[in-house]
Amino acid sequence: MSKPRVIVSRKWPEEVEGRMQELFDVQLNETDTPMTVSQMHEALQNADAFCPTVSDQVNAEVLSVDNLKARIIGSYGVGFNHIDLDAARSRGLVVTNTPEVLTDCTADLAMTLLLMTARRAGEGERHVRNREWTGWRPTHMMGTKVTGKTLGLIGMGRIARAMAHRAFHGFGMRIIFTDPYPPPDEVVDSLQAEARETVEDVLREADFVSLHCPGGKETYHLINSDRLALMKPGAFLVNSARGDVIDQSALIAALEQGAIAGAGLDVYEGEPAVPEKLLSMNNVVLFPHLGSASRETRVEMGMRVVENLQAFFNGEAPRDRVV
């Protein structure tokens with residue numbers, strides 16, 4: 001019996017690629033060059049399964065392909081706003097993602113952004129590397145204390161809870177949050193967390209605001225000029241969720257005007273493009289979408305895709321089915 005044909009859009013960890021070669025008739029991307037729309041069309045016409053990543057825009061144009069052969073899209077990543085789910089559903093495609101396995105690494109990364117923005121770590125490292133440091137002095141590069149401050153979470157899913165655990169137990173931070181689907185009481189109690197009714201309530205009160213909401217139409221530019229104006233002048237904004245949750249022009253204006261103290265960003269609207277003004281700001285820490293970027297996690301993510309594909313081709317329900 002022939003193996004299912006699987007086409008992978010980018011280079012994946014070698015352990016995962018090896019496993020896929022054992023199980024499937026797989027076409028890998030050895031050069032790691034992003035696929036064009038035409039190449040994604042070909043993949044959907046020639047494979048039983050197409051495996052994109054969160055950087056591949058599997059939109060309505062891609063999914064409108066003639067002579068569709070693929071039956072499942074096994075996406076590598078927890079987010080799925082890069083896939084037009086309505087279009088996938090209309091074509092009868094199953095869509096899966098890779099939740100849970102990247103929770104800890106992304107929470108670590110969000111906490112790293114928080115600490116770096118508060119303590120001016122990126123700026124300080126550049127200062128040393130550029131040989132500008134002249135020695136210790138009492139008023140040099142003073143930042144903001146983290147311990148005991150208030151962390152406001154927009155969204156209280158798995159990653160937000162993991163960050164809250166680090167912040168509360170590691171740094172004695174007070175936790176406030178808003179989420180239309182709040183976590184169980186025992187989770188809230190373990191963090192002594194306090195729920196707030198609205199995003200605005202969190203923004204007014206928090207010293208650090210960390211975004212943990214999904215991307216998509218409902219959260220597009222959730223953080224805009226009006227909401228940024230509610231934050232404390234000494235507050236910091238952290239985003240390890242999705243780039244389009246923030247109106248980047250409004251954020252730049254708030255930073256330029258001193259409406260907020262700084263920002264730590266791992267994701268951007270229109271990645272990999274980053275606005276020149278953000279690149280020039282010392283009070284902004286910029287990462288290249290590193291949330292899940294540990295070897296252990298990236299391997300686990302790939303294996304989760306493999307597990308979902310195996311289940312599907314065995315006639316079982318993939319546990320991470322989105323559509």
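How many bridges join strand 10 to strand 11, and in which sense do the two strands run? The legends below address this and other local features of a predicted model.

**View A. Strand 11 and its partners, strand 10 and strand 12**. Strand 10 (residues 236–239) is joined to strand 11 by four bridges, and the two strands run parallel. Within this pairing, Leu 237 stands opposite Ala 263 of strand 11. Strand 11 also pairs with strand 12 (residues 284–286), again in the parallel sense, over three bridges. Here Leu 265 is the residue that stands opposite Leu 286 of strand 12. Strand 11 is covered on both faces: Gly 262 and Gly 264 are buried on one side, and Ala 263 and Leu 265 are buried on the other. Helix 11 (residues 248–257) belongs to a right-handed β-α-β unit together with strand 10 and strand 11.

**View B. Surroundings of Thr 117 in helix 5**. Helix 5 comprises residues 103–119 and contains Thr 117. Thr 117 has a relative accessibility of 8% and is therefore counted as buried, the cut-off being under 20%. Its side chain reaches the backbone oxygen of Leu 114 at 2.9 Å. Leaving aside residues up to four places away in sequence, Thr 117 touches Phe 236, Ala 263, Gly 264 and Val 285. Of these contacts, Ala 263 and Gly 264 are buried residues of strand 11, on opposite sides of that strand.

**View C. Buried residues of helix 6**. Helix 6 spans residues 121–129, and its buried residues include Gly 122, Glu 123, Gly 124 and His 127. Helix 5 is among the elements that cover these buried residues. An α-helix has 3.6 residues a turn, so residues three or four places apart point the same way.

**View D. Positive phi values in the loop between helix 6 and strand 6**. This loop leads to strand 6 (150–154) and contains Arg 131. Arg 131 comes just after helix 6 and takes a positive phi of about 55°; the residue is not a glycine. With a relative accessible area of 79%, Arg 131 is exposed. Met 141 also lies in the loop between helix 6 and strand 6. Its phi is near 50°, likewise a positive value in a residue other than glycine. Met 141 has a relative accessible area of 21% and is partly exposed. Partly exposed residues are those between the limits for buried, under 20%, and exposed, over 50%, which is why Met 141 at 21% is not classed as buried.

**View E. The cis peptide bond between Glu 271 and Pro 272**. The bond that joins Glu 271 and Pro 272 is cis, with omega at about 5°. Pro 272 is placed in the loop that lies between strand 11 (262–265) and helix 12 (276–279).

**View F. Val 188 in helix 8 and its contacts**. Helix 8, which comprises residues 185–190, contains Val 188. The relative accessible area of Val 188 is 14%, and the residue is therefore buried. When residues up to four places away in sequence are not counted, Val 188 touches Phe 177, Pro 183 and Ala 193. Val 65 is separated from Val 188 by 123 residues in sequence and by 46 Å in space, C-alpha to C-alpha.

Definitions and conventions: Residues are numbered from 1 along each chain as its sequence is written. This is a predicted model: local features need pLDDT of at least 70, side-chain atom pairs count only at pLDDT 80 or more; totals for chains, interfaces and linings use all residues. Side-chain values use heavy atoms; hydrogens and water are left out. Buried means under 20% relative accessible area, exposed over 50%, partly exposed in between (1.4 Å probe, protein chains only). Contact means heavy atoms within 4.5 Å. A polar contact is a pair of N or O atoms within 3.5 Å; within protein, one must be able to donate a hydrogen and the other to accept it, and residues adjacent in sequence count only if both atoms are side-chain atoms. Two strands pair if DSSP finds at least two bridges between them. A crossover is right-handed if, with the strands pointing away from the viewer, the path from the first strand over the helix to the second runs clockwise.
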